[in-house]
Amino acid sequence: MSESSPLSAAPGAAFASLTGRRAVVTGSSSGIGAAIAVELARAGAAVDVHGNQNLAGLAETAKQVRALGVACRERQADLSRAEGRSSLAHEALAEGVPDFWINAAGADVLTGGAWSEPFENKLERLWRVDVEATVELSRTIGQAMQQAVGEPGQRVIVNIGWDQVAHGMAGDSGQMFGAVKGAVAGFTRSLALSLAPQVRVHLVAPGWIQTRWGEQQASDYWHDRAKRECLLERWGKPEDVAKAVRFLCSPEAGFLNAQEIAVNGGFRPGT
């Protein structure tokens with residue numbers, strides 16, 4: 001490929017500029033959500049970052065976003081509660097209808113004291129944050145996006161699923177995340193039909209992504225399994241998911257809608 005090829009790009013350059021656009025990323029105080037917020041900011045979008053208890057992490061994400069030269073607002077809300085969801089939506093819409101809304105918030109039931117709680121408690125927490133918050137926020141923001149002035153498809157909602165929903169995984173974690181992320185996947189498909197053509201709606205389904213659990217608590221068994229089940233034979237990083245989200249928000253993805261993108265390096269079944 002010659003140096004003048006239109007496919008070449010400077011190292012670190014964003015795939016497409018999102019300058020002048022605004023995104024809201026829930027659950028962006030750490031992990032995948034934080035990576036998405038920074039990636040969208042790197043592409044030029046102003047970003048509203050959100051967190052609940054991890055205020056230090058929220059401040060750090062905001063710092064990284066602002067360091068990229070874009071505007072950033074910090075939002076705090078408990079998405080396990082209806083009033084928290086309503087408050088976040090109201091505050092975000094008070095600044096205008098966002099161009100991109102990313103539902104990255106998820107209950108952490110794998111680290112800290114939550115892991116030792118009964119199955120029912122963990123399932124309830126996941127359901128409230130991962131499902132109810134995604135549904136309610138998507139409906140509220142989606143309706144506002146539908147009514148906003150602009151070209152069809154320029155506004156985007158991205159929800160976060162799980163790549164193993166389709167074939168399942170044995171054990172408590174598989175049952176919990178299969179039920180919760182399966183619900184998110186089904187809802188996202190119907191939301192895309194409901195909001196078309198004004199709003200594009202996608203599901204990004206991460207595979208083995210090395211967030212805090214993978215870095216700090218996963219045993220050798222899980223490290224080996226993550227690599228064995230990935231065709232690229234490695235853990236994914238939060239930045240891998242973030243790049244997929246940024247692409248789906250970009251003009252280059254303007255004719256993509258209602259897609260489910262598995263960010264997993266290629267899944268190797270039966271291992």
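# A walk through the seven-stranded sheet

Start by selecting Val204 and Ile261: in E7, Ile261 is the bridge partner of Val204. Keep in mind as you look around that this is a predicted model. Now widen the selection to residues 199-206, which make up strand E6, and add E7; the two strands run parallel and are joined by four bridges.

**The whole sheet**

Next, show every strand. Which order do they take across the sheet? Read it as E3-E2-E1-E4-E5-E6-E7, an open sheet of seven strands with parallel pairing. At the edges you'll find strand E3 (72-76) and strand E7 (260-263), each pairing on one side only. Turn the view to look along the sheet, and you can follow a twist that averages 15° from one strand to the next. As a general reminder, strands of a sheet pair through backbone hydrogen bonds, either parallel or antiparallel.

**Into strand E1**

Select residues 22-26, strand E1. Five of the five residues here are buried, so the strand is largely enclosed by the rest of the structure. Switch on the side chains: Arg22, Val24 and Thr26 point one way, while Ala23 and Val25 point the other way. That fits the usual pattern, as side chains in a regular strand alternate between the two faces of the sheet. Now add residues 46-51, strand E2, which runs parallel to E1 and is joined to it by four bridges. Where does Arg22 sit relative to E2? Look across and you'll see it opposite Ala46.

**A helix across the sheet**

Bring in residues 172-195, helix H5. This helix lies across strand E5 (155-160), E6 and E7, and runs at about 160° to E6.

**Two loop stops**

Click on Thr111, in the loop between strand E4 (100-103) and helix H4 (119-147). Is Thr111 buried or exposed? Its relative accessibility is 6%, so it counts as buried. Show Asp108 as well, and you'll find a polar contact of 2.3 Å between the two side chains.

Then hop to Ser250, in the loop between helix H8 (238-249) and E7. Ser250 is buried, with a relative accessible area of 0%. Its side chain reaches the backbone oxygen of Phe247 at 2.6 Å. Add Val156 to the selection too: it is 94 residues from Ser250 along the chain, yet their C-alpha atoms are separated by 9.3 Å.

**Out to helix H7**

For a contrast, select Asp220, which belongs to helix H7 (residues 220-228). With 62% relative accessibility, Asp220 counts as exposed. Try a distance to Asn257: the two are 37 residues apart in sequence and 39 Å apart in space, C-alpha to C-alpha.

Stay on H7 and colour its buried residues, His223, Arg225 and Ala226. Look down the helix axis: they fall within an arc of 165°, so they line one face of the helix.

**Zooming out**

Finally, show everything. How many helices and strands does the protein have? There are eight helices and seven strands. The radius of gyration is 18 Å, close to the 18 Å that the globule rule gives for 271 residues, so the protein is as compact as a globular protein of that length. Along the principal axes, its C-alpha atoms fill a box of roughly 55 × 45 × 35 Å. Colour by burial and 48% of the 271 residues count as buried. As for contacts between residues at least 6 apart in sequence, 74% join residues at least 24 apart.

Definitions and conventions
Residues are numbered from 1 along each chain as its sequence is written. This is a predicted model: local features need pLDDT of at least 70, side-chain atom pairs count only at pLDDT 80 or more; totals for chains, interfaces and linings use all residues. Side-chain values use heavy atoms; hydrogens and water are left out. Two strands pair if DSSP finds at least two bridges between them. Axes are lines fitted to C-alpha atoms, for helices over the stretch in contact, and angles run from 0 to 180 degrees between N-to-C directions. Contact means heavy atoms within 4.5 Å. Buried means under 20% relative accessible area, exposed over 50%, partly exposed in between (1.4 Å probe, protein chains only). The arc is that of the directions from the helix axis to the C-beta atoms. A polar contact is a pair of N or O atoms within 3.5 Å; within protein, one must be able to donate a hydrogen and the other to accept it, and residues adjacent in sequence count only if both atoms are side-chain atoms. The radius of gyration is taken over C-alpha atoms; the globule rule is 2.2 Å times the number of residues to the power 0.38.
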